[in-house]
Amino acid sequence: MSCLRIDIKRLYNSITVRIVLGVLFFLAIVDPLYSRFLTLDSMFASYYGINAYQYWLFNFPGGIGFKVYHALFLLLPVLSTGFILFYDQKTSFKIYNIVKQGRAIYLTSKVISVFLVTMVNSIVSFSINILITFSQNSIMTDVYRMFIPIEHSAANFFYEISPVLSAVFFAFLNSLALSVLAALTVIIHMIFRFPNIYVAFFVPSILCLLITYGSDFLLPKRFVLRNFLQPLNSCYEGAAQLKDILLVLSGYFILEILLFTIAYRRNRDII
């Protein structure tokens, strides 16, 4: 536990983790303010409506937050690692800790700490966005009905209980996706020895890009990670069901377990 606590502390001291946290907080707060500014236009408001469910971070393609978040989606997990393993490899810190704590504890701690820190940062930021956005609500319009998830989709189950619960579901889902990709990045850092921080940044980013976008060409839309993370895609035929989401996330976890096994063997020459 001491190793995990130290890694979490190092992550929060990392400039890149603080940048990610700052970006997420910025989007969480500015995006609903921008949406409210748009609805000040009476013609815009009368046609599109001002119901909060239409304008929260993941559900409003015209919002600043939506555009920036999806533009940075594959970069945020890489930055969330804090590159702590890369810096360990450049010093004697890694060898010292593996000798002291054991290879399994050292490597596992890196993955768990990055996963937890990314999850907490994301959940807190997205929860703030939901709290600010849903502080204002209104009646439904015809445009609003386009945002309602179709029957049998994973989102519809939560939406039928409450639109706010549907927003919470997607906030958790996006936080989990970012955390899984951040953990994947750390494991990639374990397998490869990168010559500098720029390569350590770009190579995992490209690999995550190939994995996520490559699935677009190989799998049905409901099994594509970036597809079911967007609430609007739950409004059309072929929307992901809960079992589809669990299957995809299980696939990512299995991939990470296999890669971690490779990383564990890759580092056996240290001790």
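Buried means under 20% relative accessible area, exposed means over 50%, and partly exposed covers what lies in between. With that in hand, welcome to a set of close-up views of a predicted model.

**Figure 1. The whole chain, a run of helices.** Before zooming in, take a look at the chain as a whole: 13 helices and zero strands. Following the sequence from start to end gives the pattern α-α-α-α-α-α-α-α-α-α-α-α-α. The chain has 271 residues, and 50% of them count as buried. Contacts between residues at least 6 apart in sequence are often long-range here, since 81% of them join residues at least 24 apart.

**Figure 2. Two pairs of neighbouring Phe rings.** The chain holds ten aromatic pairs. One of them joins Phe169 and Phe170, whose rings sit edge-to-face with 5.2 Å from centre to centre and 65° between the planes. Is Phe169 buried or exposed? Phe169 is buried, because its relative accessible area of 10% falls under the 20% cut-off. Phe170 is buried too, at 1% relative accessibility. A second pair is formed by Phe201 and Phe202: the ring centres are 5.0 Å apart and the planes meet at 75°, so this pair is also edge-to-face. In this second pair, Phe201 is buried, with a relative accessible area of 17%. Phe202 has a value of 47%, so it counts as partly exposed.

**Figure 3. Phe58 and its aromatic cluster.** Four residues, Phe58, Tyr69, Phe73 and Phe126, make up one aromatic cluster. Phe58 itself belongs to the loop between α3 (42–48) and α4 (64–71). Although it is a loop residue, Phe58 counts as buried, at 2% relative accessibility. Which residues does Phe58 touch, once neighbours within four places in sequence are left aside? Its contacts are Phe66, Tyr69, Phe126, Phe170, Ala171, Asn174 and Pro231. Phe58 and Ala167 are 109 residues apart along the chain, yet their C-alpha atoms are separated by 8.3 Å.

**Figure 4. Helix α10 alongside helix α13.** Here α10 (residues 163–191) packs with α13 (residues 242–266) at an angle of about 20°, and the two axes are 9 Å apart. Angles under 35 degrees count as roughly parallel, so that is the description for α10 and α13. The crossing of α10 past α13 is left-handed. On the α10 side, the residues of this contact include Phe169, Leu173, Leu176 and Val180, and on the α13 side they include Leu242, Ile245, Leu249 and Tyr252. Further along the list come Met190 and Ile191 in α10, with Ala263 and Arg266 among the residues in α13. By class, the contact of α10 with α13 has 19 nonpolar residues, no polar ones and two charged ones.

**Figure 5. Helix α9 against helix α10.** Helix α9 (residues 154–161) meets α10 at an angle of about 140°, with 5 Å between the axes. The pair therefore counts as oblique. How are the residues of this contact made up? In α9 they are Ala154, Ala155, Phe158, Tyr159 and Ile161, and their counterparts in α10 are Pro163, Leu165, Ser166, Phe169 and Phe170. These residues divide into nine nonpolar, one polar and no charged. Phe169 may look familiar: it is also one of the α10 residues that meet α13.

**Figure 6. Ser234, a buried loop residue.** Look for Ser234 in the loop between α12 (225–228) and α13. Ser234 counts as buried, at 6% relative accessibility. Setting aside neighbours within four places in sequence, Ser234 is in contact with Pro149, Ile150, Ser153, Ala155, Phe170 and Ala239. Two of these names return from the previous view, as Ala155 and Phe170 also take part in the contact of α9 with α10.

**Figure 7. Two loop residues with positive phi.** Phe83 is not a glycine, yet it has a positive phi of about 55°. This residue lies in the loop between α5 (76–79) and α6 (84–89), and at 3% relative accessibility it counts as buried. His152 has a positive phi as well, near 80°, and is likewise a residue other than glycine. Its place is in the loop between α8 (103–133) and α9. Is His152 buried or exposed? His152 counts as exposed, because its relative accessibility of 60% is over the 50% cut-off.

Note on methods: Residues numbered from 1 in each chain as written. Predicted model: local features only at pLDDT ≥ 70, side-chain atom pairs only at ≥ 80, totals over all residues. Heavy atoms only, no water. Phe/Tyr/Trp six-rings, centres within 6.5 Å; stacked < 30°, edge-to-face > 60°. Buried < 20%, exposed > 50% of the residue type's maximum accessible area, 1.4 Å probe, protein only. Axes fitted to C-alpha atoms, helices over the stretch in contact; angles between N-to-C directions. Helix = DSSP H or I, 4+ residues; strand = E, 2+ residues; numbered from the N terminus. Parallel < 35°, antiparallel > 145°, perpendicular 65-115°, else oblique. Left-handed = near helix turned anticlockwise from the far one by under 90°. Contact = heavy atoms within 4.5 Å. Nonpolar A, V, L, I, M, F, W, Y, C, P; charged D, E, K, R; others polar.
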